[in-house]
Amino acid sequence: MKQTQAFKIAIGGVISAVSLALMMFTGIFPFGTYAFPVISGIFLISIFLEFGFGWSMLVYAVISIMSILFVSDKEAALFFTLFFGYYPIVKSYIERLKSKVVQYIIKFAIFNAACVSVYFLMLFVFSFGVNIPLIFLLAGNLIFILYDFAIKVAVAQYIDKYRKIFFKQ
């Protein structure tokens, strides 16, 4: 299928709309603060695989700006903007490094920098205690291991099963 600019814009718009709708559900469902930014970020994998880095970052930027402006759960919007939105895109570049140790050091550095940034930003909006963000950071590191593995599985599933359906190649 020929991928014209109009086609790329349309697919990017659909992914942006679905991701933004999910992000808006964060204010309704208690688990949504963390779950919906993760799911929204995973949708960007298809944009990255089909249209490349530039288009995926453009769609990520659109979702991030719209989330910060319109999503009531600002913590979720910040988590998407500062980590879950771009991580599925940059993950493949990190994994091109030969050393697994260096890969994981970089991955955890990005994750921890994003988490600390979110919580420092949230301290200015809400009055969290200092201990609660540290507990979430420790728990988040454990969950990050699962998240990183889940992206690998999602990419493989997309390439093996769904890519043929959506982009008849």
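Q: What makes Leu22, Met23 and Phe25 count as residues that Phe36 touches?
A: Contact here takes heavy atoms within 4.5 Å. In this predicted model, Phe36 touches Leu22, Met23, Phe25, Thr26, Phe29 and Phe31, with residues up to four places away in sequence not counted.

Q: Why is Phe36 called buried or exposed?
A: Buried means under 20% relative accessible area. Phe36 has 9%, so it goes down as buried. As for its place, Phe36 is found in helix α2, residues 32-51. Along the chain, Phe36 and Lys98 are 62 residues apart, and their C-alpha atoms are separated by 32 Å.

Q: How do you know whether the length of α2 agrees with what its 20 residues should span?
A: The expected span is 1.5 Å times one less than the number of residues. For the 20 residues of α2 that should come to 28 Å, and the end C-alpha atoms are 28 Å apart, so the two agree. Just after α2 comes Gly52, which takes a positive phi of about 100°.

Q: What makes α2 largely enclosed by the rest of the structure?
A: Count its buried residues: 14 of the 20 in α2 are buried, so the helix is largely enclosed by the rest of the structure.

Q: How do α2 and α4 meet, and what is the handedness of their crossing?
A: The axes of α2 and helix α4 (residues 74-84) come within 9 Å and cross at roughly 35°. That crossing is right-handed. On the α2 side the residues are Thr33, Tyr34, Pro37, Val38, Ser40, Gly41 and Leu44, and they meet Glu75, Ala76, Phe79, Phe80 and Phe84 in α4. Sorted by type, the residues of this contact are 8 nonpolar, 3 polar and 1 charged.

Q: Which residues touch the most other members of the largest nonpolar core?
A: Leu44, Phe83, Tyr87 and Tyr147 do, out of 39 residues in that core. The elements giving two or more residues to this core are α1 (5-24), α2, α3 (53-70), α4, α5 (87-94), α6 (100-125) and α7 (131-166). The most comes from α4, which gives 7 residues. As general background, nonpolar side chains in soluble globular proteins tend to be buried together.

Q: What is Phe83 in contact with, leaving aside its neighbours within four places in sequence?
A: The list for Phe83 is Leu78, Ile110, Phe111, Ala114, Phe144 and Tyr147.

Q: How do you know whether α3 agrees with its expected span?
A: With 18 residues at 1.5 Å a residue, α3 should span 26 Å; its end C-alpha atoms are 25 Å apart, so that agrees. The buried residues of α3 are Trp55, Ser56, Val59, Tyr60, Ile63, Ser64 and Ser67, and they pack against α1, α2, α4 and α5.

Q: Why is Ile135 called buried or exposed?
A: Exposed means over 50% relative accessible area. Ile135 has 56%, so it is exposed. Ile135 has its place in helix α7. The C-alpha atoms of Ile135 and Gly54 are separated by 36 Å, with the two residues 81 apart along the chain.

Q: Why is Phe167 called buried or exposed?
A: The cut-off for buried is under 20%. At a relative accessible area of 6%, Phe167 is therefore buried. Phe167 lies in the segment after α7. Leaving aside neighbours within four places in sequence, Phe167 is in contact with Gln3, Phe7, Glu50, Phe51 and Tyr158. One of these, Glu50, is 117 residues from Phe167 along the chain, and their C-alpha atoms are separated by 8.5 Å.

Q: What about Lys91: why does it count as buried or exposed?
A: Set its 4% relative accessibility against the under-20% cut-off, and Lys91 counts as buried. Lys91 is found in helix α5. Leaving aside neighbours within four places in sequence, Lys91 is in contact with Lys107, Asp148, Ile151 and Lys152. Val18 is 73 residues from Lys91 along the chain, and the C-alpha atoms of the two are separated by 22 Å.

Note on methods
Residues numbered from 1 in each chain as written. Predicted model: local features only at pLDDT ≥ 70, side-chain atom pairs only at ≥ 80, totals over all residues. Heavy atoms only, no water. Helix = DSSP H or I, 4+ residues; strand = E, 2+ residues; numbered from the N terminus. Buried < 20%, exposed > 50% of the residue type's maximum accessible area, 1.4 Å probe, protein only. Axes fitted to C-alpha atoms, helices over the stretch in contact; angles between N-to-C directions. Left-handed = near helix turned anticlockwise from the far one by under 90°. Nonpolar A, V, L, I, M, F, W, Y, C, P; charged D, E, K, R; others polar. Core = buried A, V, L, I, M, F, W, Y, C linked by side-chain atoms within 4.5 Å.
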